[in-house]
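Colleague: I would like a close look at a single part of this model. Please take me through the small sheet, then add a few words on two helices.

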Amino acid sequence: MEHILSIFNTLTRKKELFVPLNPPFTGLYVCGPTVYGDPHLGHARPAITFDLLFRYLKNLGYKVRYVRNITDVGHLENDADAGEDKIAKKARIEQLEPMEIVQHYTERYHKAMDKLNVLSPSIEPRASGHIIEQQQMIQQILDNGFAYEKNGSVYFDVEKYNKSYSYGKLSGRILEDLMANTRELDGQGEKRNPFDFALWKKASPEHIMRWPSKWSDGFPGWHLECSVMSTRYLGEVFDIHGGGMDLLFPHHECEIAQSVAAQGKEAVRYWMHNNMITINGQKMGKSLGNFITLDELFNGTHKLLVQAYSPMTIRFFILQAHYRSTLDFSNEALQAAEKGMQRLLNAYASLDKITAADKTTVDMAGLRQKCFDAMSDDLNTPIVIAHLFDSVKTINSVAAGSGSLSKEDIDELRNVFSLFLFDILGLQAETNSSDNSKTLEEVVNLMLNLRMEAKSRKDFETSDKIRNELTKIGFEIKDKKDGFEWTLKV
RNA sequence: GGUCUCUUGGCCGAGUGGCUAGGCACCGGUCUGCAAAACCGUCUACUCCGGUUCGAGUCCGGAAGAGACCUCCA
């Protein structure tokens with residue numbers, strides 16, 4: 001690999017050189033959504049962050065297997081024994097089969113991801129499709145003595161595990177502190193310790209989602225699915241595990257414990273965590289009632305939104321911040337992102353209009369290498385974007401007549417923009433192309449030709465009227481020396 | 001309460017011992033019949049208090065404020 005990628009490993013809290021276990025193959029597992037509600041802004045961040053990583057790894061020449069799961073069972077409302085499964089709860093409220101809920105919201109999630117130009121993962125496994133494997137892993141953990149059965153449920157014995165290994169190494173927690181600080185929750189009677197977590201839960205009589213097992217008719221614990229499905233598809237040890245920072249504890253900590261307890265070694269080599277999106281400085285959360293669904297963003301229907309924001313605006317907005325920083329949402333910030341992105345796309349388009357000169361008189365200064373360097377420095381997309389903006393200035397000033405670019409350099413700019421803007425950052429021009437687009441184009445050209453005629457008669461009242469009305473509809477009119485240009489803004 | 005993180009200009013957001021981040025907004029100019037777009041230019045920073053250093057927004061210590069996790073969340 002000609003570019004050396006370093007990524008921040010949460011396990012060591014350092015940037016580390018990324019060296020795959022079995023190059024050129026590399027495995028990436030990311031915690032996907034629990035499909036019990038519409039996808040929201042918070043889902044977009046890990047999806048886009050790891051889509052970026054997926055795209056970049058592929059671009060560096062790795063053969064990437066990207067596994068992103070769908071959680072459709074076992075994710076409880078809280079950690080108490082009485083906690084209800086999120087999917088089951090939604091099913092009960094809406095009087096549907098749990099799998100109808102799963103189907104519905106999985107499709108909603110996929111549609112939103114498509115709009116955001118998030119590539120499909122290589123494999124998208126479901127927890128409910130891996131019940132047997134989960135049971136096998138539970139048995140392994142039981143056999144190794146790190147779990148216990150109680151009334152048909154199986155729990156992970158954290159205290160015992162901690163005697164041989166270190167529970168809390170990922171999140172920087174110390175078990176003694178946890179013991180001192182964990183709150184007592186109702187219905188924890190079956191656990192030996194409050195921080196023990198369920199591997200298998202016996203289903204109460206009214207619980208619909210249930211599978212037979214040697215312990216009871218029940219369902220697997222939430223943390224288990226990721227341990228099982230990641231190693232099933234990527235091997236006992238694999239390269240990268242990603243997810244949101246909020247999953248660091250307890251979810252990912254439990255995953256490590258499960259893998260070590262079952263197979264005697266850790267499964268994950270690099271842990272990566274994206275930071276949260278905040279709204280007015282506060283984390284978006286279901287319980288806080290301040291979360292915005294992606295559809296609401298795309299349509300501008302949420303009360304916090306002053307306008308609709310296109311999927312690419314959202315994507316660009318997210319990429320303008322580094323994935324490990326919190327990103328604060330506001331209309332102002334999104335509007336800035338919208339304009340900035342348009343500026344980048346416009347500059348790319350105007351490359352086609354530049355006439356090549358014999359030689360280049362502007363500074364190109366190793367744009368391609370600078371972009372690669374920024375990407376390879378723990379996916380520093382804000383820097384990549386800043387470099388592209390520097391080139392926008394170059395392109396525009398040449399287009400405006402100051403300086404010149406050779407054919408080779410125009411091609412280089414086109415290639416670098418295409419590579420980083422479209423292939424790696426995953427942005428795309430948002431055209432409103434429809435079947436009528438050609439007709440529309442002709443109609444608009446007709447209007448603007450009329451305006452030209454009016455202008456030549458110095459009939460500015462008419463010409464302004466045409467332009468103003470078109471602007472009102474959403475067109476952007478630009479007069480040129482020998483004609484006009486127009487675009488239809490979303 | 002415990003653990004951890006953050007505090008950059010009007011807004012968003014990089015950087016991390018010395019050299020302009022970038023975007024958006026604003027302002028001045030060029031272009032235009034007027035605009036828009038584009039171009040040129042200007043302005044606005046590093047929470048506070050100590051320390052280390054020739055030099056700190058950047059390292060160390062302290063204070064204040066904010067946030068995250070510890071409980072469902074991406």
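Modeller: Here is the sheet, followed by one residue in a helix and a patch on the surface. Keep in mind that this is a predicted model.

Start with the sheet. Three strands form it, and it is open. The order is β12-β11-β13. The pairing is mixed. Now look at the edges. β12 covers 282–283 and β13 covers 327–329. Each of these two has a single partner strand, so one side of each is left without a neighbour in the sheet.

What holds strands together in general? Strands of a sheet pair through backbone hydrogen bonds, and the pairing is either parallel or antiparallel. Take β11, residues 277–279. This strand pairs with β12 in the antiparallel sense, over two bridges. Pick out Thr 278: its bridge partner in β12 is Lys 283.

Next, go to helix α1, residues 41–59. Thr 49 sits in this helix. Is Thr 49 buried or exposed? Its relative accessible area is 4%, so Thr 49 is buried; the cut-off for buried is under 20%. Which residues does Thr 49 touch, leaving aside those up to four places away in sequence? They are Asn 274, Tyr 323 and Leu 379.

Finish at the surface, with helix α15, residues 437–456. Val 443 is found there. Its relative accessibility is 43%, so Val 443 counts as partly exposed. That label applies between 20% and 50%. Val 443 also belongs to a nonpolar surface patch. Leu 446, Met 447 and Leu 450 make the patch with Val 443. Its area is about 330 Å².

Methods
Residues are numbered from 1 along each chain as its sequence is written. Chains are lettered from A and ligands numbered from 1 in the order in which they are written. This is a predicted model: local features need pLDDT of at least 70, side-chain atom pairs count only at pLDDT 80 or more; totals for chains, interfaces and linings use all residues. Side-chain values use heavy atoms; hydrogens and water are left out. Patches are made of residues with over 30% relative accessible area and no salt bridge: like charges are joined within 9 Å, nonpolar side chains (Val, Leu, Ile, Met, Phe, Trp, Tyr) within 5 Å. Accessible areas come from the Shrake-Rupley method with a 1.4 Å probe; for residues, only the protein chains shown count as cover. A salt bridge is a side-chain nitrogen of Lys or Arg within 4 Å of a carboxyl oxygen of Asp or Glu. Helices (H or I, at least four residues) and strands (E, at least two) are DSSP runs, numbered from the N terminus. Buried means under 20% relative accessible area, exposed over 50%, partly exposed in between (1.4 Å probe, protein chains only). Two strands pair if DSSP finds at least two bridges between them. Contact means heavy atoms within 4.5 Å.
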